[in-house]
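The following exercises concern burial, strand pairing, salt bridges and helix packing. Each task is followed by a solution in steps.

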Amino acid sequence: MLAEIKGLNEECGVFAVWGHKDAAQITYYGLHSLQHRGQEGAGIIVTDGEKLTAHKGLGLVNEVFASKDFETLYGKAAIGHVRYATAGGGGLANVQPLLFRSQTSSLAIAHNGNLVNANQLKHQLESMGSIFQSTSDTEVLAHLIKRSTYPRLEDKMMNSLTMIKGAYAFVVLTEDKLMVALDPNGLRPLSLGKLGDAYVVASETCAFDVVGAKFEREVKPGELIVIDDEGIRSEVFAQSSGRAICSMEYIYFARPDSNVDEINVHKARKNLGKQLALQAPIEADVVTGVPDSSISAAIGYAEQTGIPYELGLIKNRYVGRTFIQPSQELREQGVKMKLSAVRGVVEGKRVVMIDDSIVRGTTSRRIVRMLREAGATEVHVRISSPPITNPCFYGIDTSTKEELIASSHSIEEMREMMGADSLEFLSVEGMLEGIGRSNEDTNCGQCVACFTGSYPTEIYPHTMHPHDKC
Ligand code: SF4
């Protein structure tokens, strides 16, 4: 599904390199391949061993960086970030990596995720005299490190990490050190790779392929990796209570060519489609998927049922971000600019339309209508994930509970609202089975909170509103 019309957005991607003479350029290519994780801002900070140099801006990676920018971004290590932001969380001050300079040393931080106790920690820190330069929850880590009384930077970092709760994949750069940390639940993806003798770290493994790096391993939940001229070291800052990687990475966010927690995303989506076919079969003539993220699941559904898969919906790839947003009345037209039904495929046919998830439901209604206008005689909607009934506090903008249609409507009510002939969702068990997790184990390895309301971490009373994060 198209993020910009769906109301479901990833919150960031991080990338880091240590030990390569072209660190900034490699980070640029890495960020480019993580562009789907955030399109509002991008930045790179590089170290030459003595000082940190930053370049960041609002926009897509190729809009923020020009060739001449790399003349000043020289050094052997770099971190980078792509960012998505909604109203209230935007602006250049929040574009990462954030840079904190002091007389003795500097610190650059990039973060994917959301800290659930950021507000509490901010209040505490402000009452002790800290002054925040952004509204980003990421800045909390810098202040905690700064205040820590441990002599070694690694210990300051570990001590600070034990105070923050929620979802985080951090890459932190100083003049002479790269530190990488993943939260104790491993909610967000983070992998370590090698590029010759250099180390690379990325939110998704597709970034390794682009820069020619080799996947080494996943960063472990509760692990701090420190890389400097002495080599690479791994420390445990918190005992992991078990992995709870975000289910939506497999369902919707990650690129199909990425492996998340060593499971290929395309294969997982295809298996979700197969599970859906087993749980919710229907007699039909063609199966189609809402591009791009639902296509793998549609192929799986078609394979399992034997109903042919066809390209019944086409995405217009040339609708840029600057496309004039339609007024409320013309929203219908807006969707048509982004998506078209292929009359030659669906006319006179009973169509199974596979979508990966439903957030507000409005887009699904428009797509169903589009298929009918193109001549489909029946439209059966199949969703390759369970109904989203709860908000995410871990870095995914799934809207508030009130905006989530499945939180207040039955499946039959949703079917009627979208004008479909039938509507079915995949069960939580089917989802775990499709992705390849054993749900007999109570710790299934995945976060399923937006489907079940059972959050893997404590949720604080003033957990930052999902729109204000990262
Ligand atoms: S609540 Fe949902 S979107 Fe958020 S981390 Fe968990 S599975 Fe992912």
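**Exercise 1.** Determine how many residues of strand β4 (residues 77-83) are buried.

Solution. Step 1: apply the criterion, in which buried means under 20% relative accessible area, exposed over 50% and partly exposed in between, with a 1.4 Å probe and protein chains only. Strands (E, at least two residues) and helices (H or I, at least four) are DSSP runs, numbered from the N terminus. The model is a predicted one, in which local features need pLDDT of at least 70 and side-chain atom pairs count only at pLDDT 80 or more, whereas totals for chains, interfaces and linings use all residues. Residues are numbered from 1 along each chain as its sequence is written, and side-chain values use heavy atoms, with hydrogens and water left out.

Step 2: seven of the seven residues of β4 are buried, so the strand is largely enclosed by the rest of the structure. A77, I79, H81 and R83 point one way, A78, G80 and V82 the other way, and all are buried.

**Exercise 2.** Identify which strands are joined to β4, and in which sense they run.

Solution. Step 1: two strands pair if DSSP finds at least two bridges between them. Step 2: strand β1 (residues 12-18) is joined to β4 by seven bridges, and the two run antiparallel; within this pairing, G80 in β4 stands opposite F15. Step 3: strand β2 (residues 41-47) is also joined to β4 by seven bridges in the antiparallel sense, and G41 has R83 of β4 as its bridge partner.

**Exercise 3.** Locate the salt bridges of K177 and R243, and state whether these residues are buried or exposed.

Solution. Step 1: a salt bridge is a side-chain nitrogen of Lys or Arg within 4 Å of a carboxyl oxygen of Asp or Glu; this rule yields 27 salt bridges.

Step 2: K177 meets D228 with an N to O distance of 3.0 Å. K177 lies in the loop between β7 (166-173) and β8 (178-182) and D228 in strand β12 (residues 223-228), so distant parts of the chain, 51 residues apart, are linked. K177 is buried at a relative accessible area of 14%, and D228 is buried at 7%. Both belong to a network of salt bridges that also includes R152, E154, D155, R233 and E235.

Step 3: R243 forms a salt bridge with E218 at 3.4 Å, N to O. R243 is in the loop between β13 (231-236) and β14 (245-246) and E218 in strand β11 (residues 214-218), so the pair ties together parts 25 residues apart in sequence. R243 also forms a salt bridge with D261, the closest N and O atoms being 3.2 Å apart. R243 and E218 are buried, and D261 is buried as well.

**Exercise 4.** Classify the crossing of helix α9 (residues 265-279) and helix α10 (residues 295-305).

Solution. Step 1: axes are lines fitted to C-alpha atoms, for helices over the stretch in contact (heavy atoms within 4.5 Å), and angles run from 0 to 180 degrees between N-to-C directions. The axes come within 6 Å and cross at roughly 45°.

Step 2: angles under 35 degrees count as roughly parallel, over 145 as roughly antiparallel, 65 to 115 as roughly perpendicular and the rest as oblique; α9 and α10 are therefore oblique to each other. Step 3: contact residues include H266, R269 and K270 of α9 and S296, A297 and I299 of α10.
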